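Student: I should like to understand how the terms used to describe a protein model are justified. Could you take me through some of them?

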Amino acid sequence: MIALEVRSALSRDGEAMHAPEDGGDLIEFQRDHIYQGDCRAVLARLPAQSVDLIFADPPYNLQLQGALLRPNQTAVDAVDDAWDQFADFAAYDQFTREWLSACRHVLKDSGTLWVIGSYHNIYRVGSILQDLGYWILNDVVWIKTNPMPNFKGVRFTNAHETLLWCKKSKAQKRYTFNYHAMKMANDEKQMRSDWHIPLCTGSERLTADGAKLHATQKPEALLYRVILSSSKPGDVVLDPFFGTGTTGAVAKRLGRHFIGIEREAEYVQAAKARIAAVPAPLVADDAVLGAYRTRRSAPRIAFAALLENGLLLPGQTLYFDKRREKSAVVLADGSLRTPDGEQGSIHKIGARVGNTAACNGWEHWYYEDERGELLAIDTLRAAIRKQLETA
């Protein structure tokens, strides 16, 4: 882990170093490190498309006016840190644009980004996200089961925060979503977008001299869902507002790598100690760490690979269903030809003979095996995938 000195390359000694804030050469990309500095400057100097997932907990710009008191006139430990203070909305919007743009630089084209916020900032953040080209996949509501009361009694108790989960662009086809892991974590029911999780309290809350070390430390349970749902074992998870290291601690527990960026030296030191105490996974196995193999995540196999591997032969007949009423002949280039001469892919010809708008040919075309039984060609694709995994 690192915190950063002003120089163009980072040492490998595990110590924190300061990132230059005036532009310059790329800094050396290091996993499982903390860079100390302004995230906008650090992100601009990390390699492009180098991280798989970003979780961002930016300043909320709470706009507190004076001290917040309980009914007994004792002061509430509210967020009054300098890092959460901006001159006006325009200054906050400019800051948001800059760090979100910098995140696009380091995020892979197959990656996703999470941002958390309250009603003070999340609508402004969401608008800027869309302006920059991000595409929102979900808004997740973190419902706090133990929220702080509204002491003045002048409005509803603020009992939730909002997380926006985005892909890098509307056109992006591939991204990680471990649907089955989240379903299993929810007692085999689809995971919903309302997450009931308590605030960070008790032994998990980091303190200094009897007071909270960080005013907005997030619970590990929240980051557990974020990281488990949208990354794979071995992926790199970046947090540009690292704070006391919740993202890094959970990433390490789940067999992911992390990169943290944090401006405050006090937080960096606390995060280093915290993460060092986290044990690595007992078993480095993808299934143990939540990576379910699905058809979407499995390696792509072209239909022509069945011919290349001798599992089908040119001129062989395929049947559209087990009634054998509709058929097509396999051509050497991996296309099919119908009896009336139309030629195309297994999907195109499947839609044509099935009289449907679209067709997954892997599931609808059957071949005859040596016993005369009809089996879906998807079984042959599965056999190739198994060979690849074994190799």
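Tutor: The following exchange sets several terms against their definitions. Please bear in mind that this is a predicted model.

Student: What makes Asn355 exposed rather than buried?

Tutor: The relative accessible area of Asn355 is 72%. Exposed means over 50%, so Asn355 is called exposed. Asn355 lies in the loop between helix H9 (346–354) and helix H10 (361–364).

Student: Why does Gln49 count as partly exposed?

Tutor: Gln49 has a relative accessibility of 39%. Buried requires a value under 20% and exposed a value over 50%; Gln49 meets neither condition and is therefore partly exposed. Gln49 is also in a loop, between helix H1 (39–44) and strand S3 (51–56).

Student: Which sign does phi have in these two residues?

Tutor: Phi is positive in Gln49, near 50°, although Gln49 is a residue other than glycine. Asn355, which is not a glycine either, has a positive phi of about 55°.

Student: Let us turn to helix H3. Which residues of H3 (residues 122–131) are buried?

Tutor: Ile122, Val125, Gly126, Ile128 and Leu129 are buried in H3.

Student: How do you know that they are on the same side of H3?

Tutor: These residues cover an arc of only 165° around the axis, and therefore they lie on the same side of H3. An α-helix has 3.6 residues a turn, so residues three or four places apart point the same way.

Student: What covers the buried residues of H3, and which exposed residues does the opposite face carry?

Tutor: The cover includes helix H2 (89–106), strand S4 (107–117) and strand S6. The face turned away from the buried side carries the exposed residues Tyr123 and Asp131. Just after H3, Gly133 takes a positive phi of about 105°.

Student: How do you know that strand S5 pairs with strand S6?

Tutor: Two strands pair if there are at least two bridges between them. S5 (residues 135–144) and S6 (residues 160–167) have 8 bridges, so the condition is met. Their sense is antiparallel, and Trp142 stands opposite Glu161 in S6.

Student: What makes S5 and strand S7 a pair as well?

Tutor: S5 is joined to S7 (residues 194–197) by 4 bridges, and at least two are required, so these strands pair. S5 and S7 run parallel. Here Trp142 stands opposite Trp195.

Student: How many helices and strands does the protein have, and what share of its residues is buried?

Tutor: The protein has 11 helices and 17 strands, and 46% of its 391 residues are buried.

Methods:
Residues are numbered from 1 along each chain as its sequence is written. This is a predicted model: local features need pLDDT of at least 70, side-chain atom pairs count only at pLDDT 80 or more; totals for chains, interfaces and linings use all residues. Side-chain values use heavy atoms; hydrogens and water are left out. Buried means under 20% relative accessible area, exposed over 50%, partly exposed in between (1.4 Å probe, protein chains only). The arc is that of the directions from the helix axis to the C-beta atoms. Contact means heavy atoms within 4.5 Å.
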